[in-house]
Amino acid sequence: MITEKIYDLLEKELVVALGCTEPVAIALASATAKQYIGGEVTGISVKASGNVIKNALSVGIPGMNHTGIDFTAALGVIAGDPAKELRVLEGVTKKEEDYAVALVQGGIVSVSTAAGTEKLYIEVELKSSSDQVVVIISGDHTNVSYISHNGQVLVDQSKQSPSSTTTKDSFPELSIEDLYDFIIAVPLYRLDLVKRSVELNRAICEEGLANEYGLKVGKTLYDQTKKGILSDDIATYSMALSAAGSDARMAGSTMPVMANSGSGNQGIAVTMPVVAAAEKLGATEEKMLRAVTLSHLLSIYMKSKFGRLSALCGVTVAGASASAAITYLLDDNLDKMKAAIQNTLGNVSGMVCDGAKAGCAMKVATCSSAAVQSAILASNGLCIPSTNGFIEEDVEQTIENFCRLGNETSSTTDSVLLDMMVNKQR
């Protein structure tokens, strides 16, 4: 029973995504609404939570030269295919981009912050001469929780609890021990989805190493190893490979990734440091796949408590997950894997999320480096003691404390960050 529940979690939370998931979710909402509109769209209104706004404000859109929430919403109307969900903008053309820009320049798109406390909330209203449609996505990037057409409610999940659209209720009887027992016993043929995550995420990372995307964090680090300025070790290779994927993705690469818990960067950051370490350590493909599976599952586990969006950077969760998986490669000892999680969370816990952007590649690099460092310390029997900060003797309680830190400080921190982001001195 537990085994099948874990399979279900992997299938639910490992999803192929094209582009940053917050703007993609906005495009999905507007594309969904467009299905109910007859005639020319004359008005597009977007209301979104602060967490969504900060992640959709300036990040690259796959294959596009333009960015912005208003542009993304218009693009969803013009060219989005809602049946593709997180690949809703797949195959968009230059002509369609120009049409979306024209809609924005025509002044028919408005964007505002939604009232309320839900962290993942998008409300799109479309109008034409004959129709008015409202679509709400909430709780999950693909969860269409409300649709109304000309005042008639077609879908309404508003009476469900917020946790119904997350994995929170899936874990009460699961523990880190259960996840470890799963990855050491699961037949390899049942890990095809994990193998696919390695293939997809490695492809975009190699694309980032080979070409000049965004801040070129990954490519620059990798090139320095060829010059002898940086050593070609596990830590540098993990940083370079992972950051390169984020460089490409944040710059609008048209290559898909396997997202984890609704985040493409998290999908990259839970897979590629582990793959890099496995390669450097000469691990077998089987060992690597089991390690990556552990990393994915730990991240899903922690994000179920942490939330899909937060004032803290979600890649910190990915770093802790990857660190445990790298420890599995170094020393297959569950207590040391738990120590690696403790070490990573005690290191990078204060990293804030100030939106999706090119600079995310640096955070991916930082957390990948911390993952390797924490794994090496843990494999040598070293762990941050419970007398330090929010670290507890029990790793499960440390995770609870970390998630409490993210959840209980989110409102104020997000408000301040968003104010800084939208009111910069130009």
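## Helix packing

What is the handedness of the crossing of α6 and α11? In this predicted model, the crossing of these two helices, α6 and α11, is right-handed. Helix α6 covers residues 176-185 and helix α11 covers residues 285-306, and the two pack with their axes 9 Å apart at an angle of about 155 degrees. Because angles over 145 degrees count as roughly antiparallel, α6 and α11 are described as roughly antiparallel to each other.

A second packed pair is formed by α10 and α12, whose axes lie 8 Å apart and enclose an angle of about 25 degrees. Angles under 35 degrees count as roughly parallel, and α10 and α12 are therefore roughly parallel to each other. The crossing of α10 and α12 is, like the one described above, right-handed.

## Residues of helices α10 and α12

Helix α10, which spans residues 264-281, contains Met272. The relative accessibility of Met272 is 0%, so this residue counts as buried, the limit for that class being under 20%. Met272 and Met239 are separated by 33 residues in the sequence, while their C-alpha atoms are placed 8.9 Å apart in space.

Helix α12, running over residues 315-330, includes Leu330. With a relative accessible area of 35%, Leu330 is partly exposed, in contrast to Met272, which counts as buried. Leu330 also contributes to a nonpolar surface patch of about 230 Å², which it makes together with Leu281 and Ile376.

## Salt bridges involving helix α7

Across the whole structure, a search finds 20 salt bridges. One of the pairs described here is that of Lys195 and Glu285, whose side chains meet in a salt bridge with an N to O distance of 3.9 Å. Lys195 belongs to helix α7 (residues 192-210) and Glu285 to helix α11, so this pair ties together parts that are 90 residues apart in sequence. Both partners fall into the intermediate class of accessibility: Lys195 is partly exposed, with a relative accessible area of 34%, and Glu285 counts as partly exposed at 47%. Helix α11 is thus a member of the roughly antiparallel pair with α6 and also the helix that holds Glu285.

Within helix α7 itself, Arg196 forms a salt bridge with Glu199, and the closest N and O atoms of that pair are 4.0 Å apart. Why are Arg196 and Glu199 separated by about one helical turn? The two residues stand three positions apart in helix α7, which means that about one helical turn separates them. Arg196 counts as partly exposed, at 41% relative accessibility, and Glu199 is likewise partly exposed, with a relative accessible area of 42%.

## A network around Glu13

Salt bridges that share partners join Lys12, Glu13 and Asp140 into one network. In the pair of Glu13 and Lys12, the closest N and O atoms of the salt bridge are 3.0 Å apart. Is Glu13 buried or exposed? With 1% relative accessibility, Glu13 counts as buried, whereas its partner Lys12 is partly exposed, with a relative accessible area of 38%. The salt bridge of Glu13 and Lys12 therefore links a buried residue to a partly exposed one.

Conventions. Residues numbered from 1 in each chain as written. Predicted model: local features only at pLDDT ≥ 70, side-chain atom pairs only at ≥ 80, totals over all residues. Heavy atoms only, no water. Patch = residues over 30% accessible without salt bridge, like charges linked within 9 Å, V, L, I, M, F, W, Y side chains within 5 Å. Areas by Shrake-Rupley, 256 points an atom, 1.4 Å probe, with all protein chains shown as cover. Helix = DSSP H or I, 4+ residues; strand = E, 2+ residues; numbered from the N terminus. Buried < 20%, exposed > 50% of the residue type's maximum accessible area, 1.4 Å probe, protein only. Axes fitted to C-alpha atoms, helices over the stretch in contact; angles between N-to-C directions. Parallel < 35°, antiparallel > 145°, perpendicular 65-115°, else oblique. Left-handed = near helix turned anticlockwise from the far one by under 90°.
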